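Reader: I should like a close look at a single part of this model, with its surroundings described afterwards. Please keep to what can be read from the structure itself.

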Amino acid sequence: MLPIPVTVLTGYLGAGKTTLLNRILTENHGKRYAVIVNEFGEVGIDNELVAHSDEEIFEMNNGCICCTVRGDLIRMVGGLIRRKGHLDAVLIETTGLADPAPVIQTFFLDQETKDRTALDAVVTVVDARHFEGQLGQSKEAREQVVFADAIILNKTDLVDQAGLDLALESIRRLNPRAEVIPSTRCDVPLDKVLGRRSFDLMKLLDIEPDLLDEGAHEHSHDEVQSVSMVSDKPVDFDKFKAWIGTYLNDHGQHVYRCKGILNIPGERQRLVFQGVHMLVEMGFGHPWKEDEARQSKVVFIGRNLDRLALQIAFRGCLVK
Amino acid sequence: MGAPTLLSPGLWQWNLGAYIDQATFSSDGSRVAFALGDGRIATIGVPCDDPQFSAVHQGSCLSLAPHPAGGFISGGDDGLLAYTSPDGTVDEIIRSKGHWLEHMARSKNGDTVAVAAGREVIILDLAAGSLATYGPHPASVSGIAVSPAGGVLAATHVGGVSLYDLDEPGEPITLDLRGLNVAPAFSPDGNYLACGHQENAVHIIDLASRKVFGLSGLPAKPGKLDWSHDGSLLLHSGTKAVICWPVPACFRENPQPVAFAVQEEARMCSLSANPLIPFAAGGFTDGTVLLAELKRFAAFPLDIVPASPVSALAWSAQGLHLACGFEDGRAILLDMGEMLSGN
């Protein structure tokens, strides 16, 4: 059975998530989506899902608050798998769960959920007019943008060019690598939202080749940073695995996302990894093309990242 | 859908047309029942009749138990707790709107049946014809077990396990265990309780001394637990082999589990121990069903073509028949006697 793609839809209160959700559910796209709304007592949308949810956020045994898993989510994904018939995708709207991390983590932490689903993308809706103000008040508004693979910059009709530029600049500072799609009333083509395959990192990085300049660079706003590293040299996988395991164990609380593609000597395929906080997942991606430059690219997004230390450690993983 | 195929001596297969979520036998062992993902219950006369279907639930049928007087009790994600009689008539017991009735447990004689509904547990005393509600618990009930003799209810949830004396209702005893606890299982003598954890760990609790044996770092969530017939071994799913923890030896220093029948490519996702002999069945994600001998610690696979994950396993109370359900809707029944005489 092919894994079901899952899109996590997030955004601050009033940004326009529900507008987008309604479009997805009502437009004639010929697909069947199951929708999980995060904050509800009882919901039945599209005859796909009827369930009751209690907010279940709990700590891992190691006591790390960032490693919370949502029991309801696991239960619901399990429930969807049981249903007869074909399901094209699952959409999770994280209303009321301002921090998307626990939802994303579920797709790493629970083996069964991980086997059955493929996290397609985190899509964040941003209110162009109020974003600047929300940034000042809410850590969650910032984190939603930091975690995003795609950002719908909504309500652009309510701001002038200067306001739009300001919002764009703020988004770019927090998250330089997500695709930003301006919209009014979330009127974006749905294929920009669903089936993005953003976790196909090659595609993502190819969209923004200028993101990864030679060497490393850094964007920062408050303490949120993005550290990118690139090398033409192949990576010693054993060294890299040992390093990233230790690094995330020690600093994972500060790492919102990490992603990368690695050139492993003798491997036909690129090795793709992605992580959230302390969790990291690795697997082989597309094969390298004949004439392609085999570059290893790594991105860390987090708080108080030691750029130099990351750079030195990454270099230490390269094949000499 | 219907007619059985004989795969090998004592091994029959049906296609029931929907995800099989649960399997159980009628109390007299004459019929086997399967709970299906499309809300139906399929019952089959043992060993090889054509299946009879009853449309019971809207959505999925999630839990199933035999009624001591015949027929089956089932719960679904429509919140319906229903009784399906041997002739296929469906009667509503209760309706718990908005709750998935996916956890069900019963005492050994079947007179006490428990079902979880959100934060509460409903207890049916089928002998007395009465119904009682326990809870609310601090979070959704994620697993329940009734002690074999029927006197104690264990309900797992986030942060611990609540234990109730069913004979003398009162406040529960709460055992604190961090994380999300699942799949509680009483040892056959009722002296130990084991449970799994969403966080890939297992705990075994000595109920008299409250000593707790904990094991973490498993490859996946141990979502199914069971005890060998004599209670000397605890088995659990979530591993790439058959793993048995000796009890009470596990409470001493450096306990060593017995591990055998390593499966390189698959993980155990379904489990059922034979109630009468040292034998257990383990179902794996690649569709393999292993019969494990718990005396010699050796296992052999059932002679079936692995196709989709094993989603349900159950032994009859007499220990002679094993029912297997698969995600792709195949159901398999093994008659141990037939199989052994056929070889």
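In what sense, and over how many bridges, do β16(B) and strand β17 (residues 173-186) of chain B pair?

Author: In this predicted model, β16(B) and β17(B) pair in the antiparallel sense, over five bridges. Within this pairing, S162(B) stands opposite T174(B) of β17(B).

Strand β16(B) spans residues 152-165 and is mostly covered, with 11 of its 14 residues buried. It also pairs with strand β15 (residues 143-146) of chain B, again in the antiparallel sense, here over four bridges. One position in that pairing is G143(B), whose bridge partner in β16(B) is T156(B). The two strands β15(B) and β16(B) form a hairpin with five residues between them. In the turn of this hairpin, G150(B) has a positive phi of about 90°.

Cysteines are a further point to consider in chain B. C195(B) is buried, with a relative accessible area of 0%. The cysteine sulfur closest to that of C195(B) belongs to C250(B) and lies 13 Å away, so the two are too far apart for a bond. Over all chains, the structure holds zero disulfides. In chain A, C186(A) is likewise buried, and its relative accessible area is 0%.

Chain A may be described next, beginning with its overall make-up. It has 10 helices and 16 strands, and 57% of its 320 residues count as buried. Among its contacts between residues at least 6 apart in sequence, 73% join residues at least 24 apart. The accessible surface of chain A comes to about 13,400 Å², and carbon and sulfur atoms account for 50% of this area.

The interior can be followed through the nonpolar core. In soluble globular proteins, nonpolar side chains tend to be buried together. The largest nonpolar core here has 42 residues, and those with the most contacts inside it are V90(A), I92(A), I151(A), L153(A) and I171(A). Helix α3 (residues 101-109) of chain A gives the most to this core, contributing six residues. That helix is mostly covered, since nine of its nine residues are buried; among them are V103(A), I104(A), F107(A), F108(A) and L109(A).

I92(A) links this helix to other parts of the chain. Leaving aside neighbours within four places in sequence, I92(A) is in contact with V103(A) and F107(A), and also with V6(A), T7(A), V8(A), L9(A), I36(A) and L73(A).

Technical notes: Residues are numbered from 1 along each chain as its sequence is written. Chains are lettered from A and ligands numbered from 1 in the order in which they are written. This is a predicted model: local features need pLDDT of at least 70, side-chain atom pairs count only at pLDDT 80 or more; totals for chains, interfaces and linings use all residues. Side-chain values use heavy atoms; hydrogens and water are left out. A nonpolar core is a set of buried Ala, Val, Leu, Ile, Met, Phe, Trp, Tyr and Cys residues joined through side-chain atoms within 4.5 Å. Buried means under 20% relative accessible area, exposed over 50%, partly exposed in between (1.4 Å probe, protein chains only). Contact means heavy atoms within 4.5 Å. Accessible areas come from the Shrake-Rupley method with a 1.4 Å probe; for residues, only the protein chains shown count as cover. Two strands pair if DSSP finds at least two bridges between them. A disulfide is a pair of cysteine sulfur atoms within 2.5 Å.
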